[in-house]
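Good morning, and thank you for making time on the agenda. I would like to take you through one protein model, beginning with its overall architecture and ending with its surface.

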Amino acid sequence: MPGCFKQTLFAFIAILSSASFILILVAMGTQKWMTGKILCKTGVELVNATDPELVKFMGDIYYGLFGGGKTRQCGLGGRRSRFKIFPHLVKKLNATLHVTIILFLCVAFSFALVSLGFCILNIIKVPYRAITGPAGIALWNILAGGFATLAVTCFMAAVKLHNLTERIANFRENVFQFVILEEEYEHSFWICVASATVHGVNLLLVAISAIHFPTLKTKTEEANVTAEDIMY
């Protein structure tokens, strides 16, 4: 049986690993990775709109990994619509990069589950093999955190380098063209960042569990036997 201190640490790591698993699922399931403001460029050019009139041509957009929605304003009032990334919209995006983001997140929460299992094993008993002990827990957390970080990085690359928001905003727009005024990462994105951070904390806890703290030993008083004690 591992010591009480190590059991407590492994239990805390197990809780964080399960939290990371839940965070990734929530991030994948919600559709608020990115929000932004869009401007109907075609409408503005048709009426030569000036600054005060531009508000009539400003809409908004939000999306995640599997879908989203937008409000288009082209001078005739707002029209709301929703869309799904699969199967049609993904063809207009960088499909390889988008699918890679989803695969990285799937691998990340799989390794988070493996880390949870290893923590439970280390709470119950001291493993015979090093790979199933703290070293194994550290390995799975490195992999889980690494893949979550890669997913976040790929999403940022898709937004900044491949104009993800603009491509989504102009999906199935044959007449009007939209330009992006501003973009902002939303809570689903930051939830995924939090998941990667959790595994960094787990690595720190694993490192603490490997520290051998000195045990305090109480000195036993030596019995001073004198000649008078023997007589009595």
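I shall speak about the fold, the annotated segments, the nonpolar cores, one buried serine and one surface patch.

Please keep in mind that this is a predicted model. The secondary structure comprises seven helices and five strands. Followed along the sequence, these elements give the pattern α-β-α-β-β-β-α-α-α-β-α-α. Of the 232 residues in the protein, 40% are buried. As for contacts between residues at least 6 apart in sequence, 70% of them join residues at least 24 apart.

Let me turn to the database record. An unreviewed UniProt entry places the feature "transmembrane region" at residues 9–29, 101–124, 136–159 and 188–211. In the model, residues 9–29 are 100% helix and 0% strand, with the end C-alpha atoms 30 Å apart. Residues 136–159 are likewise 100% helix and 0% strand, and there the end C-alpha atoms are 35 Å apart.

Next, the interior. The largest nonpolar core has 47 residues, and Trp33, Tyr63, Leu65, Leu105, Phe155, Leu164 and Ile168 are those with the most contacts inside it. Among the elements that give two or more residues to this core are the helices α1 (4–29), α4 (134–160) and α6 (187–209), together with the strands β1 (34–40), β2 (58–63) and β5 (178–185). Which element gives the most to this core? It is α3, with eight residues.

Leu105 illustrates the packing. Setting aside residues up to four places away in sequence, Leu105 touches Ile24, Met28, Trp33, Leu65, Ala151 and Cys192. There is also a second, separate core of 15 residues, which includes Ala14, Ile137, Ala138 and Trp140.

Trp33 appears again in the surroundings of Ser188, a residue of helix α6. Is Ser188 buried or exposed? Ser188 counts as buried, because its relative accessibility is 0%. Beyond its neighbours within four places in sequence, Ser188 is in contact with Ala27, Thr30, Gln31, Lys32 and Trp33.

Finally, the surface. The accessible surface of the protein comes to about 13,700 Å², and carbon and sulfur atoms account for 64% of that area. A nonpolar patch on the surface is formed by Phe66, Phe86, Val99 and Leu103, which together have about 320 Å² of accessible area. Within this patch, Phe86 sits in the loop between β4 (78–84) and α3. Phe86 has 32% relative accessibility and therefore counts as partly exposed.

That concludes my overview, and I welcome your questions.

Key:
Residues numbered from 1 in each chain as written. Predicted model: local features only at pLDDT ≥ 70, side-chain atom pairs only at ≥ 80, totals over all residues. Heavy atoms only, no water. UniProt positions renumbered as here; feature names shortened; annotations may be inferred. Helix = DSSP H or I, 4+ residues; strand = E, 2+ residues; numbered from the N terminus. Core = buried A, V, L, I, M, F, W, Y, C linked by side-chain atoms within 4.5 Å. Buried < 20%, exposed > 50% of the residue type's maximum accessible area, 1.4 Å probe, protein only. Contact = heavy atoms within 4.5 Å. Patch = residues over 30% accessible without salt bridge, like charges linked within 9 Å, V, L, I, M, F, W, Y side chains within 5 Å. Areas by Shrake-Rupley, 256 points an atom, 1.4 Å probe, with all protein chains shown as cover. Salt bridge = Lys/Arg side-chain N within 4 Å of Asp/Glu carboxyl O.
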